[in-house]
Amino acid sequence: MTIANASRWSTPLSSTKTLSSLPSPKGDTQLLQDDLFHNPRVQASNLIEYIASQPNASSTIYVYDLAEQVGFGTLTKAWAKDGSSRVGSVVDLQTRAGAGLSLVGRLSQGTSQDAAVGTVLTAYTTPSGLAMMAPSFIYLPSASPTSRLVVQVPTVVAVGDTMTLSPSLASLASVWPILLENIVVLLSATPQQAVDFAEISYRLTSSHVIHLFDHHSSTREFGHSVARLADAPATPASVAEAIGQAGYSFFEYTGDKDVHTVAIFLNGPLAQAAKALAENSQSGFAVVIVNVLRPWDESALQAVIPDSVKTVHVFDDVPSTVTQGSLYVEVFGALWNPEKTVSIHAHRFNPSQTQEHLNREGSFAHFISTIIPSAKKLSFSSLNAKKLLLFSAPQSPLATVSPAIEDLFLANRGIYSRLLVDYDVFSKPGGINASRLLLAPKAGVQEYIPIPILLPFDSASNGEVDFLAVLDQSLLKSHSLVKFAKAGSTVLVVSNWSLAEFASNLPPDIVSFIHEKDIRVFTINAKEIAFKLAGSNSALNDTTQIILTHLAFLRLYLGTAAQEQTVLKIALGAFGETVQGISLEKINAHAWAGLDEVGFTVPEQTAAAEAPANAPSLKEFETNAIAVEMVTGETIVNGARLGSWHDAAKHILFPAVYQTSTDQSSERDDLQNPALRPEIPDRTFLVTCTVNKRLTPLEYDRNVFHLEFDTSGTGLKYAIGEALGVHGWNDDQEVLDFCSWYDVDPNRLITIPVPNDEGKMHTRTVFQALQQQVDLFGKPPKPFYTDLAAYASNDVDRYALLFIGSPEGSSTFKKLSEKDTVTFADILLKYSSARPGIERLCELIGDIKPRHYSIASAQSVVGDRVDLLVVTVDWVTPSGSPRYGQCTRYLAGLKIGEKVTVSIKPSVMKLPPNPKQPIIMAGLGTGAAPFRAFLQHLAWLAEQGEEIGPVYYYFGSRYQAAEYLYGEEIEAFILDGVITRAGLAFSRDGAKKVYIQHKMLEDSEVLAQMLHDDEGVFYLCGPTWPVPDVYEALVNALIKYKGSDPVKAGEYLESLKEEERYVLEVY
């Protein structure tokens, strides 16, 4: 079940914790922009990553670890790993002293190939990282349209013993004075402004740019429909012109024109809060927000300050209150005039004070009132916003409830809805997430105020929330959450406690608080109801729990207007009439009946007197982690791919020890040899070839062969159905021939960077690099032609390469790639004047990717061995040149005893959990590989005395005599009763072609029975072409023998995919 959204992807109810993760930016650029912009389901930070990562903006993006630890850069890295992505190259960097020197070196003329080619570098880092990089920037060469640096800085840092996240810029107090004038510094704080300033960063073609944007809250919020900045009519001649074209100014003034007092802030969350106070009061003070800190424009500041002003207050972020603020120095220099009696006062916020203003209700408004006598009783209470707060466990299916609720309100054009999700990974094993949702009439929204200001996590809260939901009952015992509910508000608890158990399970002071504040508490046992409706199907059960909770929320939110049919009508628009076969009307009826109000009886004695002396104190929620939900379903927390949320605190406290790992098999206990292929991020193993046997006759035009590898002592373990990644080598002789033609000594030593790790290099001979790592005989992507053109000494070659790499050359590129199937080596030979140095050539070409083959053995049977079934790939180009698949050629040539580097990849091909479930296997050609593993394991189970269900095996190839793969084993499995029925289709053996779908039609009745009534599982492995015919055969079986119609039969098969009972692995 998915919730459709305005973008062209969807949000799974059962897993995704955020409204939307961006897909890879590929395909039609305008189509993608239409998906991303004006889309309230996309965060502004994601848009900034999209803008920065486009090839026309950045040639290379450097993602520093500190940026990814606050959730910025993860998407860019994911896009770069997608071979079809339209992004610049991406490099990982560690933050350390002098971290900026690598960027300076890349831009310095005479020392960098990048500078020679022409490049725009983008770096992602945090304020702390920028403070370490900035001293290196004094060595930056002058910026130019083809050589400059843009630094995108999400302003969020960890402060204090609890590592609480803060937007403080205190770490930059020492940076501002040393920045050169040729570095532009932009500051943004609203979602729209942050995206606009990111765009402006790349329009300032004569300057290096640092853009700081609020990532503590605003750019992580959902609910903002952010527009793309209109194209500039011409390249701006200055920073002022670029800012002005976008509708902004260096200094933003808010307030009456005849005020006596002005407060000046660097743009950020507190600046936006001060602006809102100035707009919502008649107190006679104004606010100036600094959008451009460098270049500092004194005249622009003087122009916005009214002549009536007598007092100026300047607010600086500083490490300690004894540190002089740089903004104060700049303002004092611009405004001090001995002929005018203007007093200028400095106010220094250290990180703890910043946190105080963000986390205490009314703290900031009270502070402004104390320093500006004319501003009394300032508050944000006049804002007509409903405040919703939901707490849950990150790995609970109910963590998706808040995005689902947000999606409901986004569909209402009259409501302005904003959602911010934060995480605490320290205070409870497994972590907690808190979703703050603000709802207001769009007509009444005038200014942007950060969510943490409007709804802080105040440990001394008096209750600000109109609706509180606790979606994990255990949180009520461990954390102080009920205090956030305002008097007379509603609280929803998803719980399996009975009504009688509630009072005894809550601390007495909480019960007293609920009674005193007249708070109404409701509960629903979503898990129990979901089990009644969906059974043990985990995915459907999770989805049903989410919808039940959503329906309970709707009923409570509507209040006295709620009627069962009214709630159902609203929900139908979000979920449709059925949820994986369950009527929404039925779910709604159960939700309506299952929602109960809890009654509390408070004794006359005080709650404090009742509390046990040893009762544990309740903990506070503190934001200390940022999570990024990937399209793949991965959760990246503070830059780390975690096996569980229990690991999150380790990654925050000890980032150097718990490095980000791309391996997802964290629970494996197998050994790994990292020295085998240091440039490969996967776990790799060195196995030995023991069998290489051709299965098809020598005279046959297909070479299908069987391989066996000895895995003894390697620690390699694999599950049934998984795939083996083979890290193949290029052909020895072809590499030597290329070295001879390129006039490079194959024994010469070269040092090249380890991909995806800027801090690592390795040294190899040219022969080793070209044979084992560099994809010299692979297919070049379009950017390669443009990159290679820079090295062409011949004008004809250079223009030809540039043309092929341009949009106008698409048809030529397509012909070369798809029809002529040219390789990198072919292009170098064709345009021979383009000769990069061998080290640079290795970087331009990139690495050989592992090829994955379904494992054709069960480790439970073969032990320390892994088998493959492979067919050689070869063809002839239109020019008559023979071509070979790189990896199948390598495997076909393996000799007994040779070592091979391999890795393991999970697969969808898994045996059902219950061996008694019927199994239907359909394999074409080498698609029989995983089924051999299935059959070996099932035979082993039968030998152990375990009962197995019926097994139908369908296999197809051209000729039985030539391609009955593993035929003797199949016949033995039939005789032993492991295979109940075999449908063998050899299409060329008879006058009439017979395929596997024809054999399946013969068994239509029993196949329909297995799939519809007996929990049977269907698998298809092989090429894609038979999929429609096989699908049609199964649909017709359901129609004929189960009384279904074509639509319902198709929908039923689709539902089996969700249950992993209709599994396709096709290529």
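Buried means under 20% relative accessible area, exposed means over 50%, and partly exposed lies in between (1.4 Å probe, protein chains only). The structure is a predicted model, in which local features need pLDDT of at least 70 and side-chain atom pairs count only at pLDDT 80 or more, while totals for chains, interfaces and linings use all residues. Residues are numbered from 1 along each chain as its sequence is written, and side-chain values use heavy atoms, with hydrogens and water left out.

**Exercise 1. Determine which side chains meet in a salt bridge with Asp867 and Arg932 as partners, and place both residues in the structure.**

Step 1. A salt bridge is a side-chain nitrogen of Lys or Arg within 4 Å of a carboxyl oxygen of Asp or Glu. The side chains of Asp867 and Arg932 satisfy this at 3.0 Å, N to O.

Step 2. Asp867 belongs to strand 35 (residues 865–871) and Arg932 to helix 35 (residues 929–943), so the salt bridge ties together parts that are 65 residues apart in sequence. Helices (H or I, at least four residues) and strands (E, at least two) are DSSP runs, numbered from the N terminus.

Step 3. Asp867 and Arg932 are both buried.

Step 4. Through shared partners, salt bridges join Glu708, Arg865, Asp867, Arg932 and Glu969 into one network.

Step 5. Strand 35 also holds Val870, which counts as buried because its relative accessibility is 1%. The C-alpha atoms of Val870 and Gly927 are separated by 9.5 Å, with their positions 57 residues apart along the chain.

**Exercise 2. State how many salt bridges a search of the whole structure finds, and examine the pairs Arg220 with Asp422 and Arg360 with Glu356.**

Step 1. The search of the whole structure gives 34 salt bridges.

Step 2. One of them joins the side chains of Arg220 and Asp422 at 2.7 Å, N to O. This pair links distant parts of the chain, 202 residues apart: Arg220 is in the loop between strand 10 (208–213) and helix 9 (239–245), and Asp422 is in strand 18 (residues 415–424). Arg220 and Asp422 are both buried.

Step 3. The side chains of Arg360 and Glu356 meet in a salt bridge at 3.9 Å, N to O. Arg360 counts as partly exposed because its relative accessible area is 29%. Glu356 is also partly exposed, at 37% relative accessibility.

**Exercise 3. Describe the largest cavity and the second largest pocket by volume and lining.**

Step 1. On a 1 Å grid over the protein atoms alone, a cavity is a set of points where a 1.4 Å probe fits but cannot get out; a pocket is an open set with protein on both sides within 12 Å along at least five of seven lines; lining residues have an atom within 4 Å of a point. Grid points are joined across faces, edges and corners, and a volume is the space filled by probe spheres set on the points.

Step 2. The whole structure has six cavities of 30 Å³ or more. The largest cavity holds about 250 Å³ of space. Its lining comprises 21 residues, of which Leu169, Leu266, Asn267, Gly268 and Asp317 are the closest to the centre.

Step 3. By class, the lining of the largest cavity divides into 12 nonpolar, six polar and three charged residues. Here Ala, Val, Leu, Ile, Met, Phe, Trp, Tyr, Cys and Pro count as nonpolar, Asp, Glu, Lys and Arg as charged, and the others, Gly among them, as polar.

Step 4. The second largest pocket has a volume of about 980 Å³. Of its 37 lining residues, Asn730, Asp731, Glu734, Phe777 and Arg889 are the closest to the centre. The lining of this pocket has 15 nonpolar, nine polar and 13 charged residues.

**Exercise 4. Identify the backbone features at Pro295, Gln580 and Asp743.**

Step 1. Most residues other than glycine have a negative phi, and most peptide bonds are trans.

Step 2. Arg294 and Pro295 are joined by a cis peptide bond, with omega about 0°. Pro295 lies in the loop between strand 14 (292–294) and helix 11 (298–304).

Step 3. Gln580 has a positive phi, near 50°, and lies in the loop between strand 23 (578–579) and strand 24 (582–583).

Step 4. Asp743 has a positive phi, near 60°. With 69% relative accessibility, Asp743 counts as exposed.
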